[in-house]
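The following questions and answers guide a first-year student through one protein structure. Please keep the sequence and the structure in view while reading.

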Amino acid sequence: MRRSLACATAAVLTAGAFAVPARATTPSTSPKVAYGYAWPDGKGHLRIVPKSAALVKQQGFLGYRLTTLAGAKEVRLDYTRAAVGRVTVACDLKETEGQVALDAKGLGRTRCKPADLAASLGRGATPMRVEYQDGRAVRVNEILISNWPNSRTARGTIERVDDRTVLFATGGKTYKLGYSYMTYFYRTTARCKDGWLAGRPVNADRNGLGKRACGPDDLARALRSVEHPVLAKLRFSPEVGGVDEVWEVYGDA
């Protein structure tokens with residue numbers, strides 16, 4: 001009798017020991033959700049700073065009003081396996097062209113592929129709702145913005161992060177900003193492809209600001225030629241995290 005009881009007790013303890021690892025494999029957290037302006041961050045990845053989102057109806061469509069969320073930190077996510085919903089009626093459209101595809105929650109409902117999202121992100125900031133877990137985006141839906149934030153202009157120093165991102169220090173703050181194919185770069189140099197402040201300031205105004213209009217590829221090339229922060233004037237949007245215009249500054253003009 002004692003032997004049978006001992007064997008039964010050992011069996012229960014053994015079963016309990018194996019039950020603990022089984023429970024440990026259960027996901028410990030539920031997917032998180034972030035609303036905000038997404039930027040490309042390497043192949044198959046995006047970065048987004050979570051915002052507070054409010055759904056509003058404006059001009060016949062459902063849009064979102066995004067505001068700064070105190071303490072929010074940037075999230076970098078792999079979206080290569082995510083379900084993608086665009087606000088355009090076709091996956092390959094750059095703009096809505098007057099027709100939008102939204103569900104009852106104001107989320108893009110045209111089913112697309114991660115490659116379509118990559119093309120959209122390649123054009124610049126993309127307002128979206130991202131559902132994610134363990135560093136991966138599970139579902140990505142584009143959204144429409146009721147009021148796009150205004151830009152402001154300031155002088156400071158910029159430092160290259162990569163060919164589409166800079167750190168801009170001004171007024172005691174540093175902003176991480178992205179730029180797109182629509183970003184203008186005004187140069188003091190003779191040619192768009194010159195290095196930063198290369199040669200004489202033949203295209204500088206009286207305040208030392210560049211006047212020659214160039215493009216984002218020229219900005220990327222020029223910033224690769226320096227290894228330290230450089231003086232510049234920017235028109236940028238802190239809320240969106242983007243750069244609209246960059247002026248090269250020549251101090252002795």
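Q: Against which strands do the buried residues of α2 pack?
A: The model discussed here is predicted. In it, helix α2 covers residues 114-121. Its buried residues pack against β1 (32-40), β2 (45-48), β6 (83-86), β7 (110-112), β8 (126-133) and β9 (136-142).

Q: Which residues of helix α2 are buried, and within what arc do they fall?
A: The buried residues of α2 are Asp116, Leu117, Ser120 and Leu121. Seen down the helix axis, the buried residues line one face of α2, because they fall within an arc of 140°.

Q: How many helices and strands does the protein chain contain?
A: The protein chain has 253 residues, of which 42% count as buried. Among contacts between residues at least 6 apart in sequence, 61% join residues at least 24 apart. The elements of the chain are 3 helices and 15 strands.

Q: Which residues of the largest nonpolar core touch the most other members?
A: In soluble globular proteins, nonpolar side chains tend to be buried together. The largest nonpolar core here has 22 residues. The residues of this core that touch the most other members are Ile158, Phe168, Leu177, Trp196, Leu234 and Val246.

Q: Which elements each supply at least two residues of this core?
A: The largest nonpolar core, with its 22 residues, draws on both strands and a helix. The elements that each supply at least two residues are β10 (152-162), β11 (165-170), β12 (173-187), α3 (216-224), β14 (230-237) and β15 (242-248).

Q: How many residues form the second, separate core?
A: Besides the largest nonpolar core, there is a second, separate one. Among its members are Ile48, Val75, Val84 and Cys112. The size of this second core is 17 residues.

Q: How far apart in sequence are the parts that the pair Arg86 and Glu142 ties together?
A: Arg86 forms a salt bridge with Glu142, with the closest N and O atoms 2.9 Å apart. Both Arg86 and Glu142 are buried. Arg86 lies in strand β6 and Glu142 in strand β9, so the pair ties together parts whose separation in sequence is 56 residues.

Q: By about how much of helix α3 are Arg221 and Asp218 separated?
A: Arg221 and Asp218 form a salt bridge, their closest N and O atoms being 2.9 Å apart. Arg221 is partly exposed, at 34% relative accessible area, whereas Asp218 counts as buried at 15%. Because they are 3 residues apart in helix α3, their separation is about one helical turn.

Q: Which residues are joined into one network by salt bridges that share partners?
A: A search of the whole structure finds 14 salt bridges. Some of these share partners. The network joined in this way includes Arg47, Glu74 and Lys176.

Q: Is Glu97 buried or exposed?
A: Glu97 is found in the loop between β6 and β7. Its phi is near 55°, a positive value in a residue other than glycine. Most residues other than glycine have a negative phi. A residue counts as exposed over 50% relative accessible area, and Glu97, at 60%, is therefore exposed.

Q: In which loop is Leu197 found?
A: Phi of Leu197 is near 55°, again a positive value in a residue other than glycine. At 32% relative accessibility, Leu197 counts as partly exposed. Its place is the loop between β12 and β13 (212-214).

Q: What distance separates the C-alpha atoms of Arg111 and Gly85?
A: Arg111 lies in strand β7 and counts as exposed at 80% relative accessibility. Not counting residues up to four places away in sequence, Arg111 touches Val84 and Cys91. Arg111 and Gly85 are 26 residues apart along the chain, yet the distance between their C-alpha atoms is 4.9 Å.

Q: Over which residues is the pLDDT below 50?
A: The mean pLDDT of the protein chain is 89, and 88% of its residues reach 70 or more. One stretch has 0 contacts in the model beyond near neighbours in sequence. The pLDDT is below 50 over this stretch, residues 1-26.

Notes. Residues numbered from 1 in each chain as written. Heavy atoms only, no water. Helix = DSSP H or I, 4+ residues; strand = E, 2+ residues; numbered from the N terminus. Buried < 20%, exposed > 50% of the residue type's maximum accessible area, 1.4 Å probe, protein only. Contact = heavy atoms within 4.5 Å. Core = buried A, V, L, I, M, F, W, Y, C linked by side-chain atoms within 4.5 Å. pLDDT = per-residue confidence, 0-100. Arc of directions from axis to C-beta. Salt bridge = Lys/Arg side-chain N within 4 Å of Asp/Glu carboxyl O.
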